[in-house]
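Let's take a friendly walk through a few helices and loops of this protein. Here is the structure to keep in view as you read.

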Amino acid sequence: MTRTSSDTLVMSKTTEAIGAYAANPDAIVEAGEVVDIRFQQGDKLSLRGAKLFHLLVQAAGVAIVDDKQHKIAFSELNESFHIPVQELEHIINELHRTVVSLKLTDEKGRSYKKSGSILSDVERESDDLSQAEIRFEFSKTMQKAIANSSHWAVLSRKAVLAFEGKYSLRLYTILSLRSGLRKTSEDFLLEDFRKLLGVPTGAYDRWNNFRQWVLAPALLEINQLGGVHVGFRPLKQGRKIIGVRLTWGMK
């Protein structure tokens, strides 16, 4: 991959951002554009798929922006998942087939959207689980977003693995980014907020259902595990609820 001088400058910022936490085994550093991915219609990640994604980001480290193959031992992943290799491969396939959309900015400051899969290629070296190694590559879409990022979220690995709800984990990553930007509240249009959380099209369409089965359980779990206290209130246009305002603060 040919890089310009401006690419090198951005790369150094990316390397610096990730490298600053290299000595902290609990820190997972993720680009803001990746945190704010929108799932394409019909696509979503399971809870285990999302957790695996975060662990692969951490495993790649500062080399995540390089067009290269990364690797991690199955035994290391199994310390977190405790599942047969066949189930792990099923989760990895999620990252192959899930298409995401990211909002990026070009070198002239113009915004554009880029879509693609999360992983482009995966190999497993051996059937002997004591020796098995997973080799993987992030897609060009993910590499582009990470390499050109200027804002970052720092997630707790312990918190990521502790969450029991996929919407809880997803919202935790979203809030971690915004807390790092020194924000304490943000308004979200309801339809975009659903895409941001990865709620499938047609699921929980009514506000009361969305609040009861998605938002309230996610906030409850985050308030227990995430190191922040989060609240919300609906935003109305007349009698119709069109969005939600999230407010948060560090515990």
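## Helix α3

In this predicted model, the buried residues of α3 are L47, G49, A50, K51, L52, F53, H54, L55, L56, V57 and A60. That makes 11 of the 14 residues in this helix buried, so α3 is largely enclosed by the rest of the structure.

How far apart are the end C-alpha atoms of α3, which covers residues 47–60? They are 20 Å apart, and this agrees with the 20 Å expected for 14 residues at 1.5 Å a residue. Just beyond the helix comes G61, where phi is positive at about 60°.

## Helix α10

Further along the chain, α10 takes in residues 207–225. Its 19 residues should span 27 Å at 1.5 Å a residue, and the end C-alpha atoms, 25 Å apart, agree with that. At L215 the helix bends by about 35°, and within four residues a proline follows, P217.

Which residues of α10 are buried? They are W207, F210, V214, L215, A218, L219, E221, I222 and N223, so L215 is both buried and the site of the bend. An α-helix has 3.6 residues a turn, so residues three or four places apart point the same way. In the list for α10, F210 and V214 are both buried, as are L215 and A218.

The cover over these buried residues includes the helices α7 (157–162), α8 (166–180) and α9 (190–197), along with the strands β10 (228–237) and β11 (240–250). After α10 comes G227, with a positive phi near 80°.

## Two loop residues with positive phi

Most residues other than glycine have a negative phi. Two residues here are worth a look with that in mind. H82 lies in the loop between α4 (74–81) and α5, and its phi is positive, near 55°. Is H82 buried or exposed? H82 counts as exposed because its relative accessibility is 61%, above the 50% cut-off.

Y204 sits in the loop between α9 and α10. Its phi is also positive, near 50°. With a relative accessibility of 32%, Y204 counts as partly exposed.

## T98, a buried loop residue

T98 belongs to the loop that links α5 (85–97) and β4 (99–105). Its relative accessible area is 2%, so T98 is buried, the limit being under 20%. What does the side chain of T98 reach? It comes to 2.6 Å from the backbone oxygen of E94.

Key: Residues numbered from 1 in each chain as written. Predicted model: local features only at pLDDT ≥ 70, side-chain atom pairs only at ≥ 80, totals over all residues. Heavy atoms only, no water. Expected span 1.5 Å × (residues − 1). Bend = angle between axes of the 7 residues up to and from the residue. Buried < 20%, exposed > 50% of the residue type's maximum accessible area, 1.4 Å probe, protein only. Contact = heavy atoms within 4.5 Å. Polar contact = N/O pair within 3.5 Å; in protein donor to acceptor, adjacent residues only side chain to side chain.
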